[in-house]
Amino acid sequence: MKAVHFGAGNIGRGFIGMILSRAGYEVTFIDVDAALIDELNEKQAYTVILADESEQEETVSNVKGINSMTDKAEAVAAVRDADIITTAVGASILPIISGVLAEGLSARVEAGTVPVNVIACENMIGGSQALKDHVLAKVDASLAKKISAQVGFPNAAVDRIVPNQTQAERLTVSVEPYFEWVVDQSMMVGDVPEIKGITYVPSLDPFIERKLFTVNTGHAVAAYLGYHFGYDTIKEAMDQEAVVTLVRGALKETGKVITAQYDFEEAEHNQYIEKILNRFMNPYISDEVTRVARGPLRKLGKNDRLVRPATLYYQLVNEEPTYLAKAIAAALLYDYTKDPEAEELQDKINQHGYEQALQDVSGLTSESPLVEAVLKQLKTLQG
Ligand SMILES: NC(=O)c1ccc[n+]([C@@H]2O[C@H](COP(=O)([O-])OP(=O)(O)OC[C@H]3O[C@@H](n4cnc5c(N)ncnc54)[C@H](O)[C@@H]3O)[C@@H](O)[C@H]2O)c1
Ligand SMILES: O=P(O)(O)OC[C@@H](O)[C@@H](O)[C@H](O)[C@H](O)CO
């Protein structure tokens, strides 16, 4: 059985590749990082270390790599012949990988082989569907019809904190013990592969929203406020009671939105929140605030972890989401110069001011009460 995974980065090696290899797949990583791919091909295995007191090590074997920049034809052939295809490249990279996918899937459906599923494991709502749209936009109508019939793009939610790696051995990856991978079965085609570690559900909405608006919202609050207060890592930020209070406050707000919409019990959801707060405090993980805060334009997007739950809070709870508004204000202040999106955000703010910049990146209009709430919180943060 052959798996093709786009993105041999933190989560690609530390989670998706590991689960697929454990399930008996030969895993081919497609990436554009030449040194990483060379090393994967040389060693054909790597180590995953659990970030807890056990420091348990697992060898992930039967893996190889393809550099899609230099060996595009090989990448296309791997897609054509795969039994399952996954991605973890980052939301903004999905349009870029859709070219190789479109060519590989076109060759596949023309040859009339068995159906296949493509699972985007990115932190976004509707990731696989978005990837499908990019792929279909690259082929003619007849191929689009065949791909739609023979290729499933089930949306997914993946959860495991995998920080940037500082291991001496480049391929080794340290991961938190917790993981969850949920896939929308209703969007799959053909036989559903039995893969230990994947939970198939009839509808993904409750799971992706619970994950994105709890784990990722909480993480973003800790990162943007942590950065504002001068901390380098999530753990350092979470060691401050004031930061924990702000994160918990934001998660109480998103919790009201989630339990109002979906069938999660309030008590059960509160336990989920506390578990996540503990994960952020894992002393065996050093996760830079700048990794978690990366891409503020994406994170301030209309359907992302801050603005979406804050907007829903007005609609479903009918109150001002003060903690989420503070986190959005902190995100507007995020000026890390090595993050291109932070640079672009600060340029926008310098040119047009906070209010216009917020509206531009979030799609909120001047009538939205959230804009006023954020500006109010901005003043408190700026002192
Ligand atoms: N790290 C985590 O804790 C975590 C957890 C859950 C989900 N995610 C999601 O997984 C995705 C990847 O995150 P990450 O932390 O592993 O990032 P990462 O930067 O470690 O890995 C991304 C990989 O994609 C590769 N890449 C970039 N452009 C590419 C292209 N055109 N073709 C193929 N590969 C390309 C990069 O070289 C890199 O190896 C993101 O969407 C993220 O939100 C991350
Ligand atoms: O990957 P991003 O940039 O969407 O978000 C940063 C972190 O919140 C994220 O990578 C988490 O570590 C992960 O989603 C945990 O499952």
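A residue counts as buried if 20 or more other C-beta atoms lie within 10 Å of its own. Ile11 has 25 C-beta neighbours inside 10 Å, so Ile11 is buried. This is a predicted model.

**Overall form**

The chain holds 16 helices and twelve strands. Its C-alpha trace spans about 60 × 50 × 45 Å along the principal axes. The radius of gyration is 21 Å, which agrees with the value near 21 Å for a compact globule of 383 residues. Of the 383 residues, 47% count as buried. Among contacts with a separation of 6 or more, 72% join residues 24 or more positions apart.

**Two domains**

The chain divides into domain 1 (2–203) and domain 2 (206–382). Their centres, taken over C-alpha atoms, are 28 Å apart. The contact takes 16 residues from domain 1 and 16 residues from domain 2. On the side of domain 1 that touches domain 2, nine residues are nonpolar, four polar and three charged.

UniProt, in an unreviewed entry, annotates residues 1–196 as "domain: Mannitol dehydrogenase N-terminal". The same kind of record gives residues 204–378 as "domain: Mannitol dehydrogenase C-terminal", again from an unreviewed entry. The table sets out the two annotated stretches.

| Stretch | Helix | Strand | Distance between end C-alpha atoms |
|---|---|---|---|
| Residues 1–196 | 36% | 26% | 15 Å |
| Residues 204–378 | 73% | 0% | 34 Å |

**The annotated binding site**

The unreviewed UniProt entry places a "binding site" feature at Ala3, Val4, His5, Phe6, Gly7, Ala8, Gly9, Asn10, Ile11, Gly12, Arg13 and Gly14. Two of these positions, His5 and Ile11, are followed here.

His5 sits in strand S1 (residues 2–6). Is His5 buried or exposed? His5 is buried, because 28 other C-beta atoms lie within 10 Å. Beyond its neighbours within four places in sequence, His5 is in contact with Gly12, Ile16, Gly17, Leu20, Val27, Phe29 and Thr86.

Ile11 belongs to helix H1 (residues 10–22). Setting aside neighbours within four places in sequence, Ile11 is in contact with Ile16, Ala88, Cys121, Val158, Arg160 and Val162. Ile16 thus appears in the contacts of His5 and in those of Ile11.

**Around ligand 1**

Which residues come nearest to ligand 1? Of the 26 residues around this ligand, they are Gly7, Gly9, Asn10, Glu122 and Asn123. Gly7, Gly9 and Asn10 are also listed in the UniProt "binding site" feature of the unreviewed entry. Helix H1 gives the most to the shell, with three residues. H1, strand S2 (26–31) and helix H4 (94–111) each supply at least two. By class, the shell has 15 nonpolar, seven polar and four charged residues.

**Around ligand 2**

The shell of ligand 2 consists of Asn123, Asp159, Arg160, Ile161, Val215, Asn216, His219, Val292, Arg294 and Gly295. Three are nonpolar, four polar and three charged. Helix H7 (residues 205–228) provides the largest share, three residues. Where does this shell sit relative to the two domains? Domain 1 (2–203) and domain 2 (206–382) each contribute at least three residues.

Two residues link this shell to the earlier sections. Asn123 lies around ligand 2 and is listed among the nearest residues to ligand 1. Arg160 lies around ligand 2 and is in contact with Ile11.

Conventions:
Residues numbered from 1 in each chain as written. Chains lettered and ligands numbered in written order. Predicted model: local features only at pLDDT ≥ 70, side-chain atom pairs only at ≥ 80, totals over all residues. Near = placed C-beta within 6 Å. Helix = DSSP H or I, 4+ residues; strand = E, 2+ residues; numbered from the N terminus. Nonpolar A, V, L, I, M, F, W, Y, C, P; charged D, E, K, R; others polar. Domains from an automatic or database assignment. UniProt positions renumbered as here; feature names shortened; annotations may be inferred. Buried ≥ 20, exposed ≤ 12 C-beta atoms within 10 Å, placed from the backbone. Contact = placed C-beta atoms within 7 Å. Rg over C-alpha atoms; globule rule 2.2 N^0.38 Å.
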